[in-house]
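Visitor: I would like a close look at a single part of this model, taken slowly and with the residues named. Please show me the sequence and the structure before we begin.

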There are 2 protein chains.
Amino acid sequence: MQKKFNTADLNLTIEQWSVLYHLWKEDGISQQDLCQATFRDKPSMTRLVDNLEKAGLVKRSASKTDRRKNLITLTEKAKAIQDTCHGFASETVDEALAGVRDADIEVCKVVLKQVYENLK
Amino acid sequence: MQKKFNTADLNLTIEQWSVLYHLWKEDGISQQDLCQATFRDKPSMTRLVDNLEKAGLVKRSASKTDRRKNLITLTEKAKAIQDTCHGFASETVDEALAGVRDADIEVCKVVLKQVYENLK
DNA sequence: TTTAATTGGTTGTCAAAACAACTATATGCC
DNA sequence: GGCATATAGTTGTTTTGACAACCAATTAAA
């Protein structure tokens, strides 16, 4: 997927995409929310948002109800690349799972979820 | 596993461990060999070996048959922690796979291998 | 209500990954 | 032998992750 991004001159890292992915589902959420959604700690999110902001893809704005919070909102530039990115994502999934039986994918998901729980 | 290393004051990263892991199997191999074994590129290995050398766990020495090559050899310090590390590794695997059926683990491995091949 | 604990976010440091550019040695070919 | 190419390793830059320490705002408790 990173290679697809690079080839298309999207100038977007997978990590940045993973943040945009959640904002495309729900815009204007806090950094903390994004931490939970993407399984990252707060410092990592601060820097990811820093870089996304530098790239002109998101904007930070203070929450009116809780002055500690930054609400992260998508710019037009970010909205413009949503469909392209979604396309690359589903292409990649298709390529990755070619020739794998659905039932086996399900088993795999269950196993990995269990491992995640076991180590949490 | 990283947490186990930290708790035991081993001062070892998982990445460094992954290099030692292969050296414990076969000592005195080149950085290139380690690249292949650990799926890393050359610059990553240069720095991993740098840090392992700083930590007094490996030593670089010039190959006599090919002056381009560094042969990486384990120090006594590294040999001394082999059993401890192996213990932590198998403990971690046991914890991770608790309650997962063997057959499902096998399916999972096959699926992931296929995905790896598909994306290679 | 004033202090204590929690939550949201930032900064600093170190280790690592990806990628490009580079040097030095080896090897293949004419 | 001499040149092109391949191989082994290093250095530089950028982005990220883990962790500790910190500040500010909010909430809970005495």
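Visitor: Which residues in H2(B) meet which residues in H4(B)?

Guide: This is a predicted model, and what follows should be read with that in mind. On the side of H2(B), the residues that meet H4(B) are Glu15(B), Gln16(B), Val19(B) and Leu20(B), and their partners in H4(B) are Met45(B), Leu48(B), Asn51(B) and Leu52(B). Sorted by class, this contact of H2(B) with H4(B) comprises five nonpolar, two polar and one charged residues. As for the geometry, helix H2 of chain B spans residues 14-25, and its axis and that of H4(B) come within 10 Å, crossing at roughly 90°. Because angles of 65 to 115 degrees count as roughly perpendicular, H2(B) and H4(B) are described as roughly perpendicular to each other.

H4(B), which covers residues 42-54 of chain B, also packs against helix H3, residues 31-38 of chain B, with the two axes coming within 9 Å and crossing at roughly 110°. That angle, too, lies in the range for the term, so H3(B) and H4(B) are roughly perpendicular to each other. Here H3(B) contributes Gln31(B), Gln32(B), Leu34(B), Cys35(B) and Thr38(B), while H4(B) contributes Lys42(B), Met45(B), Thr46(B) and Val49(B). By class, the contact of H3(B) with H4(B) has four nonpolar, four polar and one charged residues. Met45(B) is a residue to follow by eye, since it is listed in the contact with H3(B) and also in the contact with H2(B).

To place this part in its setting, one may turn to the contact between the chains, which takes 15 residues from chain A and 15 residues from chain B. Chain A and chain B bury about 1200 Å² between them, with 76% of that area on carbon and sulfur atoms. Within chain A, the residues that lose the most area to chain B are Ala96(A), Cys108(A) and Val111(A), which together account for 31% of what that side buries. Between the two chains the count of salt bridges is zero, whereas six residue pairs are in polar contact, both residues of each pair being at pLDDT 80 or more. Helix H6 (82-96) and helix H7 (102-119) of chain A are the elements that give two or more residues to the side of chain A that touches chain B, and H7(A) gives the most, with nine residues. By class, that side of chain A has 10 nonpolar, three polar and two charged residues.

Terms used:
Residues are numbered from 1 along each chain as its sequence is written. Chains are lettered from A and ligands numbered from 1 in the order in which they are written. This is a predicted model: local features need pLDDT of at least 70, side-chain atom pairs count only at pLDDT 80 or more; totals for chains, interfaces and linings use all residues. Side-chain values use heavy atoms; hydrogens and water are left out. Axes are lines fitted to C-alpha atoms, for helices over the stretch in contact, and angles run from 0 to 180 degrees between N-to-C directions. Helices (H or I, at least four residues) and strands (E, at least two) are DSSP runs, numbered from the N terminus. Angles under 35 degrees count as roughly parallel, over 145 as roughly antiparallel, 65 to 115 as roughly perpendicular and the rest as oblique. Contact means heavy atoms within 4.5 Å. Ala, Val, Leu, Ile, Met, Phe, Trp, Tyr, Cys and Pro count as nonpolar, Asp, Glu, Lys and Arg as charged, and the others, Gly among them, as polar. Buried area is the accessible area (1.4 Å probe) that two parts lose on being put together, summed over both. A salt bridge is a side-chain nitrogen of Lys or Arg within 4 Å of a carboxyl oxygen of Asp or Glu. A polar contact is a pair of N or O atoms within 3.5 Å; within protein, one must be able to donate a hydrogen and the other to accept it, and residues adjacent in sequence count only if both atoms are side-chain atoms.
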